[in-house]
Amino acid sequence: MRRLLIPALVLALAAAAGCSGRSKSADTSSPSTTGAAGTATADFGTLKSVCGKGTAKTVTSQGVTASDIKVGVFTDVGFTKNPEFENAAKVFTSWCNAAGGINGRTITPVTHDSQLMQVNQQMISACRTDFFEVGGGAALDGLGVKTRLKCLLPEFPAQVTSEIGADLQVMTTGASTGYSPYAGYFSWLLKEAYPSSVSGLGIITGDVPVTKVIAAQDKEVLTAMGGKVTYSDLYPAQGVSDWTPYAQSIKTKKVKALVFLGDFTQLAKLEQALTNIDYKLDWIDANSNAYGPAFLKLAGPVLGTQTNFASINGAYPLEKADANPATKEMVALFRKYAPDAQITLPAMQAFSAWLLFATSARDCAELTRRCVLDNAKKQTDWTGGGLQASIDLSSPDVPLKCFNVEKATTSGWVPADFKPTDGAYRCDAPSYKFKGDYGKAPTLADVGKSLSDLT
């Protein structure tokens with residue numbers, strides 16, 4: 001389970017704290033074929049001819065006609081009111097369709113709003129209509145995996161909360177099944193940046209099964225790297241009105257560094273409570289849920305006292321977009337097709353997933369699910385055109401080598417001093433394979449299917 005991808009909604013089941021309202025979108029009823037740079041193009045970053053015209057005529061699969069491809073997008077927008085995956089789908093498909101679509105076929109995104117608890121119902125619907133699932137995510141996504149496998153529906157998700165590495169799934173962030181995706185991040189924190197913190201580590205997590213498993217994984221990794229976890233605690237999923245007792249416990253146990261797995265609105269309150277009792281930690285792992293302007297606004301002046309970091313999984317920092325052609329181009333496309341949308345880390349991951357789908361489908365002489373899936377798995381150096389560090393997509397069992405770290409300051413998020421080796425990234429992360437039993441994602445065999453059934 002990938003803790004940096006846990007939607008905040010998992011840890012705010014009762015309140016949906018910190019979620020933004022539905023943003024307005026630009027009118028794209030007559031999208032231009034003009035790309036971000038002002039010229040007709042179907043290129044994106046280092047990816048050439050992502051989309052374009054063609055003469056496709058054959059109906060090859062469910063969700064595919066001679067002129068259209070129906071692609072599903074899972075979201076919990078009805079619960080969170082956060083349309084980040086819808087926005088990413090709108091921006092990508094508007095741009096791609098304006099350039100000619102996939103070999104002449106228009107991409108039609110189909111939203112599946114699982115509203116937190118209706119994942120399986122929406123998956124049943126997707127199984128009836130969709131060709132593929134792309135660029136989405138749901139907090140309780142594990143509820144629909146077996147249904148998806150039974151109907152042989154592949155996915156390139158933006159994020160996965162549970163069941164990472166399930167069959168018929170390719171993650172552009174890398175699945176690293178069985179390995180900790182934070183080995184590099186934790187190694188940097190404990191062995192280089194703050195070696196004195198190893199004797200007093202703490203973990204606080206929301207009282208939700210998913211995050212409790214992730215907390216156990218983090219504890220295993222931290223311990224294996226020489227750390228000593230001296231404090232562990234849970235907080236109610238609906239939140240805490242007064243974090244002072246937690247802050248006092250952290251101070252009493254002389255915790256030096258804290259891993260926080262939960263809603264960043266609650267973290268901001270905890271940090272205020274710690275500051276109120278005049279206790280400063282060496283570092284706090286805010287996790288990437290906090291990476292964005294909302295946490296900065298909530299935490300405010302406290303960020304001048306407490307030191308917050310977030311691993312953003314090898315994504316190019318959004319605040320440095322102007323320095324990276326691909327990120328700059330993506331920002332321009334959002335400005336064109338969804339000008340009021342906030343670009344989030346999950347939205348950027350969704351955009352990369354859409355790029356993978358388009359390039360994989362483009363290269364199919366006959367557009368089938370098997371062809372698209374196989375083409376995606378041929379990518380051993382996927383960067384989303386430059387949106388992220390290189391990922392080997394050929395196997396879900398490949399451990400991640402590259403990482404990057406952001407630091408929250410009173411003036412904004414900035415890259416931390418984590419000693420990058422490859423541009424914006426550090427690509428010498430150690431591999432750590434979990435020894436604990438944290439479950440296994442469903443396979444096709446679990447539902448009586450095999451890869452040979454996929455066409």
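**Chat about a pocket and a sheet**

Analyst: Let's start with the second largest pocket in this predicted model: its lining has 11 nonpolar, nine polar and seven charged residues.

User: How much space lies in that second largest pocket?

Analyst: About 540 Å³. It's lined by 27 residues, and the closest to its centre are Ile164, Thr177, Gly178, Gly439 and Lys440.

User: OK, new topic. What's the strand order in the open sheet?

Analyst: The order goes S6-S5-S7-S8-S9-S10-S11, so to speak a row of seven strands, with mixed pairing.

User: And which strands are at the edges?

Analyst: Strand S6 (229-235) and strand S11 (412-415), and each of them pairs on one side only. On average, neighbouring strands in the sheet are turned by 25 degrees against each other, ignoring direction.

User: In what sense do S10 and S11 pair?

Analyst: Antiparallel, over four bridges, with S10 covering residues 405-409. Lys407 stands opposite Val414 in S11.

User: Which helices pack on the sheet?

Analyst: Helix H6 (residues 209-224) is one of them, touching S5, S6 and S7, and its direction makes about 165 degrees with that of S5. Helix H7 (residues 244-252) also packs there, touching S5, S6 and S7, at about 170 degrees to the direction of S6.

User: Last one: where does pLDDT stay under 50?

Analyst: Over residues 1-40, for which the model has 124 contacts beyond four places in sequence. Where pLDDT is low, the predicted coordinates shouldn't be read in detail. The protein averages a pLDDT of 91, and 91% of the residues score at least 70.

Conventions. Residues are numbered from 1 along each chain as its sequence is written. This is a predicted model: local features need pLDDT of at least 70, side-chain atom pairs count only at pLDDT 80 or more; totals for chains, interfaces and linings use all residues. Side-chain values use heavy atoms; hydrogens and water are left out. Two strands pair if DSSP finds at least two bridges between them. Helices (H or I, at least four residues) and strands (E, at least two) are DSSP runs, numbered from the N terminus. Axes are lines fitted to C-alpha atoms, for helices over the stretch in contact, and angles run from 0 to 180 degrees between N-to-C directions. Contact means heavy atoms within 4.5 Å. pLDDT is the predictor's confidence in each residue, from 0 to 100. On a 1 Å grid over the protein atoms alone, a cavity is a set of points where a 1.4 Å probe fits but cannot get out, and a pocket is an open set with protein on both sides within 12 Å along at least five of seven lines; lining residues have an atom within 4 Å of a point. Grid points are joined across faces, edges and corners, and a volume is the space filled by probe spheres set on the points. Ala, Val, Leu, Ile, Met, Phe, Trp, Tyr, Cys and Pro count as nonpolar, Asp, Glu, Lys and Arg as charged, and the others, Gly among them, as polar.
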